[in-house]
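User: I am new to this structure. Please show me how to read it, one feature at a time.

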Amino acid sequence: MILISGRGSNMEAIQKACVAEGWPASVVAVISNRPQAGGLAWAQAQGIAAVGLDHRAHADRAAFDAALAEEIDRHQPDLVVLAGFMRILTPEFVARYAGRLLNIHPSLLPSFGGLHTHERALQAGCKFAGATVHFVTPELDHGPIVIQAAVPVRQGDTPDTLAERILRCEHVIYPRAVRWFVEDRLEVDAAGVVRHLDGA
Ligand code: GRF
């Protein structure tokens, strides 16, 4: 199950890797809180159930999250993948999917959680930037880190050029992280650190 809000290029990378590499899993549905999201049409064209669930049609965050959970549960997924899903989730929602909710964030967490990550990395003079796949916990952009990719920041980079370089890495690391999960190769230890069971 993949949740998106926009173009869905990470969703696409995950679905393609799932098919090409023959994972022991399939994407059962894609849900977008923006019914016009380009990624939804792509998912539908692949024969994946594609659902638009407009957050603006719900009274508040709790009501939307409850409707979202209901829709997710209809598909009985083992894993819920947030791929450019631009909504803050209620603690109740996060608790419901604890341990089976992944997110990708375009920074090297724990630096630069939240929005405008590329601008902030450039403003801070970072020499490296990147992306992080992590398990979702109630605190925004925290949670056990599954995999990261770092890219160099180049002279003259703009937020857009940096975002593009990072996005290419996102398309590599997110499918890898999801594959590890569906192959049962990840474990979170008591300290909240992700262990790869086979040393991957
Ligand atoms: C990605 O950069 C992701 O890290 C961020 O939003 C962007 C989504 O892109 N959370 P896409 O919809 O997967 O193309």
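Analyst: Start at the ligand. This is a predicted model, and 14 residues surround the ligand in it. Arg 7, Ser 9, Asn 10, Gly 84 and Pro 106 come nearest.

User: Which helices and strands each supply at least two residues of the shell around the ligand?

Analyst: Three elements do so: α1 (9-20), β5 (101-105) and α6 (159-182). Domains matter here too. Domain 1 (1-97) gives the shell at least three residues, and so does domain 2 (104-134 + 144-200).

User: How many residues of each class does the shell have?

Analyst: Six are nonpolar, six are polar and two are charged.

User: What pLDDT does the protein chain average?

Analyst: The average is 97, and 99% of the residues score at least 70. For the complex, the predictor gives an ipTM of 0.97 and a pTM of 0.97.

User: Now a helix. How far does α3 reach from its first C-alpha to its last?

Analyst: Helix α3 spans residues 61-74, 14 residues in total. Its reach is 20 Å, close to the 20 Å expected at 1.5 Å a residue.

User: Which residues of α3 are buried?

Analyst: Phe 64, Asp 65, Leu 68 and Ile 72 are.

User: Why are they on the same side of α3?

Analyst: The general idea comes first. An α-helix has 3.6 residues a turn, so residues three or four places apart point the same way. In α3, the buried residues cover an arc of only 95 degrees around the axis, which puts them on the same side.

User: Which exposed residues does the face turned away from that buried side carry?

Analyst: That face of α3 carries Ala 62, Glu 70, Asp 73 and Arg 74.

Conventions:
Residues numbered from 1 in each chain as written. Predicted model: local features only at pLDDT ≥ 70, side-chain atom pairs only at ≥ 80, totals over all residues. Near = placed C-beta within 6 Å. Helix = DSSP H or I, 4+ residues; strand = E, 2+ residues; numbered from the N terminus. Nonpolar A, V, L, I, M, F, W, Y, C, P; charged D, E, K, R; others polar. Domains from an automatic or database assignment. pLDDT = per-residue confidence, 0-100. Expected span 1.5 Å × (residues − 1). Buried ≥ 20, exposed ≤ 12 C-beta atoms within 10 Å, placed from the backbone. Arc of directions from axis to C-beta.
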